[in-house]
Amino acid sequence: MTTAPVGGSLPVYRWRLAPEDLATRRQLRSMGLRPGGQDVAAELQRPRRRRGPLVAYLYRIDLAKPVRPMTPGRWAALDRANRARRICPACRRDAGYVIPTSLGACVPCTNTPPDLRKDS
């Protein structure tokens, strides 16, 4: 992952005033592109009232590379990861939804005291 050079030598553009040949990572992705190892070309700053500006890094569109296609192995790994996020650690059942990290367990297990819980 590339970062901005230390020393502030990047050109800085204000919100909505960046040149057309530069794009953020998210904009590149919507075009089916990725930065592809290139260095950050510029910085985009959006001012805020009581805090420092929001900063986004800009990349050159002409140096961007196409997004790598998903292979069957990647699809399978993504499916396994999403399935693991649905398994409740308390009752070991598939909750049918992604377990919120704030709860740490499915809703029925969160609402049931541990001493009354039926572990399957």
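The following exchange introduces a predicted model through its sheet, a buried loop residue and its nonpolar cores.

Biologist: In what order do the 4 strands of the open sheet stand?

Modeller: The sheet in this predicted model is open, and its pairing is mixed. Its edge strands are β1 (12–14) and β2, each of which pairs on one side only. Read across the sheet, the order is β1-β4-β5-β2.

Biologist: Over how many bridges do β4 and β5 pair?

Modeller: Strand β4 covers residues 42–46, and β5 covers residues 54–60. Within this pair, Leu44 stands opposite Ala56, while Gln45 has Val55 as its bridge partner. The two strands run in the antiparallel sense, and the number of bridges is 5.

Biologist: Which residue in β5 is the bridge partner of Leu22?

Modeller: Strand β2 spans residues 22–23 and pairs with β5 in the antiparallel sense over 2 bridges. Leu22 belongs to that span of β2. Its bridge partner in β5 is Arg60.

Biologist: Is Gln38 buried or exposed?

Modeller: Gln38 lies in the loop between β3 (33–34) and β4. A polar atom of its side chain lies 3.2 Å from the backbone oxygen of Pro35. A residue counts as buried under 20% relative accessible area. Because the relative accessible area of Gln38 is 9%, Gln38 is buried.

Biologist: How many residues does the largest nonpolar core have?

Modeller: Its members include Leu10, Val40 and Ala64. Ala23 and Leu28 also belong to this core, and Ala23 touches Leu28. Counting every member, the largest nonpolar core has 7 residues.

Biologist: Which residues does Ala23 touch, not counting residues up to four places away in sequence?

Modeller: Ala23 is part of the largest nonpolar core, as is Tyr59. Both Leu28 and Tyr59 are touched by Ala23. The full set is Leu28, Met31, Tyr57, Leu58, Tyr59 and Ile61.

Biologist: How many residues form the other core, which lies apart from the largest one?

Modeller: Among the members of this other core are Ile99 and Ala105. Cys106 and Cys109 belong to it as well. The core comprises 6 residues.

Biologist: How far apart in space are Pro89 and Cys106, C-alpha to C-alpha?

Modeller: Pro89 lies in the loop between α2 (72–86) and α3 (107–111). Leaving aside its neighbours within four places in sequence, Pro89 is in contact with Gly104 and Ala105. Pro89 and Cys106 are 17 residues apart in sequence, and their C-alpha separation in space is 8.3 Å.

Key: Residues numbered from 1 in each chain as written. Predicted model: local features only at pLDDT ≥ 70, side-chain atom pairs only at ≥ 80, totals over all residues. Heavy atoms only, no water. Pairing = 2+ DSSP bridges. Buried < 20%, exposed > 50% of the residue type's maximum accessible area, 1.4 Å probe, protein only. Polar contact = N/O pair within 3.5 Å; in protein donor to acceptor, adjacent residues only side chain to side chain. Core = buried A, V, L, I, M, F, W, Y, C linked by side-chain atoms within 4.5 Å. Contact = heavy atoms within 4.5 Å.
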